[in-house]
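Colleague: I would like to learn how to read helix packing and sheet pairing from a model. Please take me through one case of each.

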Amino acid sequence: MARGAVSRLRADAWATFARFPVLLVTALVAAGAGMAAVDDAGADDPLLRIFLVAGLGLPLLFALALFSERRHYPPWVWQIVGLLVLGMFFIAWPGWLGPVQGMRYLQFSLGFHLLAAFLPYLAVTERNGFWQYNRTLFLRFLTASVFSAVLFVGLVIALLAVDNLLGVDIDEENYLRLWLLIAFVFNTWFFLGGIPRDLAPLEQLQDYPKGLKIFSQYILTPIVALYLVILTIYLARILVTRTWPSGWIGYLVSSVAVAGILAFLLVHPIGERTENRWIATFSRGFFVLLFPSIAMLLLAIWQRIGQYGITEKRYVVVVLTLWLTAIAVYYTVRPRGPIKLIPVSLAVIAFLTAAGPWSSYEVSRRSQLGRLETLLERNGLLEEETIQPTSAPVSFADRREISATLRYLLATHDTVGLSGWFGGRLAEIDTVSDRRLRRWVGEQRAAVVMTWLGLEYVNRWETAEQRSFTYRLADEEVVTVVEGSRYHMRNDWTRDQTVVLDGLPHRLSFDERSSTLEIRRGNVRIMAVPLAGFVDSVREYGRSDLSGDRKVPAELMTVRLESAGGTLLLVVRLLAASETDDGVRVTTLNGDLFLTLR
């Protein structure tokens, strides 16, 4: 019997492979590339790129395979089309900076998953079959996930037992490799094994899980109603107080929209039954009550765009809000309209906003370039399409906005659109750091450009009342024990502390008002180290440094003092301070203190 079960399992697995060969080979490639890249894959590692693109291809190749089956097309034709699409994505990937890579990946992943939801039913009028098909996909995915999780946990426990009981050393990375193998190979294979070969009979299927109805009617619907009540009360408050909607409104509107549309989709196939007339009332009422929330969201995002221009996230919020408006209008007029419209329209939006002159990236880049141009011209920094550094004072508000816009453009779009203004000089900032920009590198490059403009860079945390700055020791390896010093301590010296020196307790404290490090024995001050001049010199170096990396040479980060109380040498590794109209306040002074008392 066991042999027969194994034979059936082998036959089913082979049948699944014969039905989806390209898809399963792609899953194997994704798992293999991911497992090979576990040790040390950087952002530009080809293995990581293969892993990401292969993973992206799974929903695309699945959708194309079912589309070919449903239309009786040769299966290899559309699989080749899918591989070509993935190849173009693979080639284009290195040309995008980090933020664009992540967001574009999400857009295409969403679009391909939506394709899997509707492509087999494209131009096919089978409303119930479409719902039953997606229910089958969802339940099969849940089942595959549970089986995969159980398999993974069981094998992990077995490996831990081998490691701890039998003394066989198993690297921690192998657990991640095991997860990749199960998630991409076993999970995909198991999921595909339960996909019906003939989708047409699903139209006649009237099966509707009772648990799904209970969940939709008694859990999801009340949650949606609660969200709508909160939003309605908030709208009333806005009308009474005449204040702009909070930026947080987007999260709440998005939550109620997702929950409401999900409830609408879950109960859609039983809405025409006599005992479920409440569904039509709920559907129409939900979309009608959604309109005030949509209006609030449009007001909030419009204000944000008016102040700071368009970015990718704001662009997506606007597009999705307009989409939600159209969907609400459509299903208010036609509450029993085809639900296929939802995934189809979302997929179109995902692809259109990902590429082309109308994409979120191009529209955002043009918006921010225009905003930057206005700021530079207003302050006499841009004349006849050429940068003209100025010594004239520029307000803090404008410096902050110029810094923020440069930071965004250089971190997201590199120097595209900016190079002409600087006569090609922006190529120099590529030497600042790796082009695979992380957020802090965008800050670094923007600081360099601000220095060229003759302006002091303003980071994202500074305000007009409090301007902060941070500097680090350029080479921490230069810190070695100073010969002749009796004590060596490393700490944050802005924090008061008591240490035992020469057998007696000594109090080390930092006076913020005078920026002085004091050492006291009892009530007697035996040393006072003034640091105001040190902070000023580091600050001056940072302002004139064109590298923008905020790293300071050791000779400038070193403070020496000889007094009647002893000899002191302080090598500062990290200096952080905030500057106000009342002066500079040191917040962090981390470093090595070498001390000899007399």
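Colleague: At roughly what angle do the axes of helix α13 and helix α14 cross?

Modeller: A caution before the answer: this is a predicted model, where local features need pLDDT of at least 70, side-chain atom pairs count only at pLDDT 80 or more, and totals for chains, interfaces and linings use all residues. Residues are numbered from 1 along each chain as its sequence is written, and side-chain values use heavy atoms, leaving out hydrogens and water. Two packed helices are described by the angle between their axes and the distance between the axes. Here α13 (residues 360-378) and α14 (residues 396-412) cross at roughly 150°, with their axes coming within 10 Å. Axes are lines fitted to C-alpha atoms, for helices over the stretch in contact, and angles run from 0 to 180 degrees between N-to-C directions. Helices (H or I, at least four residues) and strands (E, at least two) are DSSP runs, numbered from the N terminus.

Colleague: How are α13 and α14 oriented to each other, roughly parallel or roughly antiparallel?

Modeller: Angles over 145 degrees count as roughly antiparallel, so α13 and α14 are roughly antiparallel to each other. Their contact (heavy atoms within 4.5 Å) includes Leu369 and Leu372 of α13 and Ile402 and Leu406 of α14.

Colleague: In what order do the strands of the open sheet run?

Modeller: Strands pair if DSSP finds at least two bridges between them. In this sheet 4 strands follow the order β5-β6-β7-β8, with antiparallel pairing. β5 (497-501) and β8 (524-530) are the edge strands, each pairing on one side only. Strand β7 (residues 516-521) pairs with β8 over 6 bridges, and Arg521 stands opposite Val524 in β8.

Note on methods
Angles under 35 degrees count as roughly parallel, over 145 as roughly antiparallel, 65 to 115 as roughly perpendicular and the rest as oblique.
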